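Please open the model in your viewer and keep the sequence panel beside it, since each stop on this tour begins with a selection.

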Amino acid sequence: MAKSFYETLGVARSASEKEIRSAYRKLARRFHPDVNPNDTGAEERFKEIQGAYDVLSDDDTRKKYDKYGDRWQQADQFEEMERQRAQGGFGGGGFSFDGGFGDLGSVFGGIFGGGPRGPRRGQDIESPTEVTLEEAAAGTTRTINLQSSESCGICAGSGAIGNARCHTCAGSGEALKPRRLEVKVPPGVRTGSRVRVAGEGRPGMGGGPSGDLYLLVTVLPHARFERNGDDLTVEVAVPYLDAVLGGEVEAPTLTGRVMLTIPPLTQNGRRIRLSGKGMPVLGRGERRGDLFAHVNVVLPEHLSEREQALFEELRQNTTTARAAS
């Protein structure tokens, strides 16, 4: 017995919209073709997950699925039949059939023209993707595997062969054809950013427009830089003499190293701002955040006799000065 869409996503029939979306994102990330190249099993699983989410994420289609199961696409026809029966249509004595629900598409297709009346916008598609911090700063591209819908060649788009449901298209009348789409990820994206590609979602119905494609971006953690909004923080080692007397040290940025001026008597843990060296501000042209260098004063592990003597002299002078004051 085929799994229900709820079983495919691993949620209860009473699951909330948030729980369904959360389950979908978790599974989609696990089985996405970009994460499992050349794994046909994962690709098929991803198709099942996407198909289940497309139905359950929409209130209207979810209600139809809850009522009619895998024949939810014929819901309009079933409801029209009930209306006619209530009004005494189809001969005045109610309507009966012998072929089961599978032949309703052909029965009502001839009477009402088939399918939903009026144009309807296609559903949006969400595709999770991960980028590095460098890619988020510079902008990048991602190739997305999509599926275009076309009329099923086995049943000629009717969804049925004779009185039986077409198993090739599962009664939908549509066949899916894989295709690849290159999507630009703009500079400045963050975890949670949604990159919209208009018209690349599910096709509309009855002449309605297609939905949109949304990339759900996750920016991976960086080994060196910590991000806070559009600002970055990085640890910078500062020799103790430069911290005391002042000087210059190299500091890393996402676009290369720069010289960082260290004021005299810089304390350990101080943050020094490098203006405009952070992340690009999404959608704001050349504007960028700041980079904060977190000073980590480095003490020597060994001292020569001369250095030891100088530090002893410094301590003695400091002690004398404190006593005199």
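Before the first selection, a definition is useful: two strands are taken to pair if DSSP finds at least two bridges between them. Please also keep in mind throughout that this is a predicted model.

**First stop: the sheet**

Show the strands as ribbons and select β1, β7 and β6, which in that order form an open sheet of three strands with mixed pairing. The edges are held by β1 (125–131) and β6 (194–197), and because each of them has a single partner strand, one side of each is left without a neighbour in the sheet. If you look along the sheet, neighbouring strands are turned against each other by 25° on average, direction ignored.

Now narrow the selection to β6 and to strand β7 (residues 213–219), which run antiparallel and are joined by four bridges. For one bridge in atomic detail, pick Arg194 and then its partner in β7, Leu216. Adding α2 to the view shows a helix that packs on the sheet, where α2 touches β1 and β7 and its direction makes about 55° with that of β1.

**Second stop: the aromatic pairs**

The structure holds four aromatic pairs, and two of them are visited here. Select Tyr6 and Tyr65, whose ring centres are 6.2 Å apart and whose planes stand at 45°, so that the pair is tilted. Because Tyr6 belongs to helix α1 (residues 5–9) and Tyr65 to helix α4 (residues 59–68), the pair ties together parts that are 59 residues apart in sequence. Both Tyr6 and Tyr65 are buried, and adding Phe5 to the selection completes one aromatic cluster of Phe5, Tyr6 and Tyr65.

Next, return to α2 and select Tyr24 together with Tyr53: how are their two rings arranged? Their centres lie 4.0 Å apart with the planes at 10°, so this pair is stacked. Tyr24 lies in helix α2 (residues 17–31) and Tyr53 in helix α3 (residues 40–56), and the pair therefore ties together parts that are 29 residues apart in sequence. Tyr24 is buried, with a relative accessible area of 1%, and Tyr53 is buried as well, with a relative accessible area of 9%.

**Last stop: charges over rings**

Select Phe31 and Arg45, and turn the view until you look down on the ring: the charged end of Arg45 sits over the ring of Phe31, 5.2 Å from its centre. Finally, move to Arg271 and Phe292, where Arg271 lies over the face of Phe292 at 4.1 Å from the ring centre.

Key. Residues are numbered from 1 along each chain as its sequence is written. This is a predicted model: local features need pLDDT of at least 70, side-chain atom pairs count only at pLDDT 80 or more; totals for chains, interfaces and linings use all residues. Side-chain values use heavy atoms; hydrogens and water are left out. Rings of Phe, Tyr and Trp (its six-membered ring) pair if their centres lie within 6.5 Å; planes under 30 degrees apart count as stacked, over 60 as edge-to-face and the rest as tilted. Helices (H or I, at least four residues) and strands (E, at least two) are DSSP runs, numbered from the N terminus. Buried means under 20% relative accessible area, exposed over 50%, partly exposed in between (1.4 Å probe, protein chains only). A charge sits over a ring if NZ of Lys or CZ of Arg is within 6 Å of the ring centre and within 35 degrees of the ring normal. Axes are lines fitted to C-alpha atoms, for helices over the stretch in contact, and angles run from 0 to 180 degrees between N-to-C directions. Contact means heavy atoms within 4.5 Å.
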